[in-house]
Amino acid sequence: VKSKCEANLKEIFQTGELVGRIGRLEVDTSAAQAVAYVQWFNEDQKNLPVEASFAAVRAAEACPIASTITVWAQDKGAPKVRVFQALVSSASARRINVDRVKDFAQTRYLKLFEKVKSVANGDDFSVETGTPSAQP
């Protein structure tokens with residue numbers, strides 16, 4: 001099941017809004033609840049809510065067994081620098097309307113996420129490395 005979900009994630013991100021900017025795609029099925037991890041490379045911080053929304057809804061579509069989706073972005077110009085991280089339940093991610101993401105990412109969809117940290121909000125990522133935790 002894990003390998004099927006990871007293959008689906010790779011396939012779904014080969015097209016669409018984040019094509020060419022995806023980093024790591026992973027599914028963790030070691031615990032009772034499966035978690036999907038999606039990393040992308042961000043070019044413009046003002047687009048972080050839009051990109052996070054696209055990453056979450058596409059991951060929910062590709063991996064229906066995941067109960068939680070963890071998304072994070074690195075700066076494309078400085079790939080070791082994290083600029084965003086959050087987690088969202090798959091049920092909430094499925095409520096994101098792909099056709100309306102650009103209209104509602106900042107005002108509605110970002111509210112679906114938990115544990116949101118963003119450099120656009122002045123959050124400090126100096127100690128953040130590796131894959132973000134999926135613990136709510």
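Start by selecting S118, which sits in strand β5, residues 114-118. You are looking at a predicted model, so take each stop on this tour as a computed value. S118 has a relative accessibility of 5%, so it counts as buried. Show what lies around S118 and, setting aside residues up to four places away in sequence, you will find that it touches L48, V83, F84, D123 and F125. Keep F84 in mind, as it comes back later.

Stay in β5 and move to K115, which lies in that strand too. Is K115 buried or partly exposed? Its relative accessibility is 46%, so K115 counts as partly exposed. Check the backbone here as well: phi of K115 is near 50 degrees, a positive value in a residue other than glycine.

Next, select K117 together with F125. K117 lies over the face of F125, at 5.2 Å from the ring centre. A second view of this kind is found by selecting R108 and F104: R108 lies over the face of F104, at 3.8 Å from the ring centre.

**Aromatic pairs**

How many aromatic pairs does the structure hold? There are two. For one of them, select W40 and F84: their ring centres are 6.0 Å apart and their planes meet at 45 degrees, so this pair is tilted. The pair links distant parts of the chain, since W40 belongs to strand β2 (residues 34-42) and F84 to strand β4 (residues 78-89), with their positions 44 residues apart in sequence. Both W40 and F84 are buried.

For the other, return to F104 and add Y109. These two form an edge-to-face pair, 6.3 Å from centre to centre and with 85 degrees between the planes. F104 and Y109 are both buried.

**Into the core**

Now colour the largest nonpolar core, which has 37 residues; W40, I69, V71, F84 and F113 are the ones that touch the most other members. Elements that each supply at least two residues of this core include α1 (2-12), β1 (22-28) and α4 (101-104), along with β2, α2, β3 and β4. Which element gives the largest share? That is α2, with 10 residues.

So select helix α2, residues 48-62, and look along its length. At 1.5 Å a residue, its 15 residues should span 21 Å, and the C-alpha atoms at its ends are 21 Å apart, which agrees. Of those 15 residues, 14 are buried, so α2 is largely enclosed by the rest of the structure.

From there, go to A73, in strand β3 (residues 66-75). With a relative accessibility of 0%, A73 counts as buried. Leaving out residues up to four places away in sequence, A73 touches W40, N42, L48, V81, R82, V83 and F84. That list holds both W40 and F84, the two rings of the tilted pair. L48, V83 and F84 are in it too, and S118 also touches these three. For a distance to draw, try A73 to A59: they are 14 residues apart in sequence and 15 Å apart in space, C-alpha to C-alpha.

**The hairpin**

Select β1 and β2 together. The two strands run antiparallel and are joined by five bridges. They form a hairpin with five residues between them. To see one position across the hairpin, pick E26, which stands opposite Y37 in β2.

**Around helix α1**

Select I12, in helix α1. Beyond its neighbours within four places in sequence, I12 is in contact with R58, E61 and A62. Draw the C-alpha distance from I12 to E61: it is 8.5 Å, although the two are 49 residues apart in sequence.

For the last stop, go to E17, in the loop between α1 and β1. E17 has a relative accessible area of 30% and is partly exposed. Its contacts, leaving aside neighbours within four places in sequence, are F54, R58 and V98. R58 is thus shared: E17 is in contact with it, and I12 is as well. To finish, draw the line from E17 to V50, which are 33 residues apart in sequence and 9.4 Å apart in space, C-alpha to C-alpha.

Notes
Residues numbered from 1 in each chain as written. Predicted model: local features only at pLDDT ≥ 70, side-chain atom pairs only at ≥ 80, totals over all residues. Heavy atoms only, no water. Helix = DSSP H or I, 4+ residues; strand = E, 2+ residues; numbered from the N terminus. Expected span 1.5 Å × (residues − 1). Buried < 20%, exposed > 50% of the residue type's maximum accessible area, 1.4 Å probe, protein only. Contact = heavy atoms within 4.5 Å. Phe/Tyr/Trp six-rings, centres within 6.5 Å; stacked < 30°, edge-to-face > 60°. Lys NZ or Arg CZ within 6 Å of the ring centre and 35° of its normal. Core = buried A, V, L, I, M, F, W, Y, C linked by side-chain atoms within 4.5 Å. Pairing = 2+ DSSP bridges.
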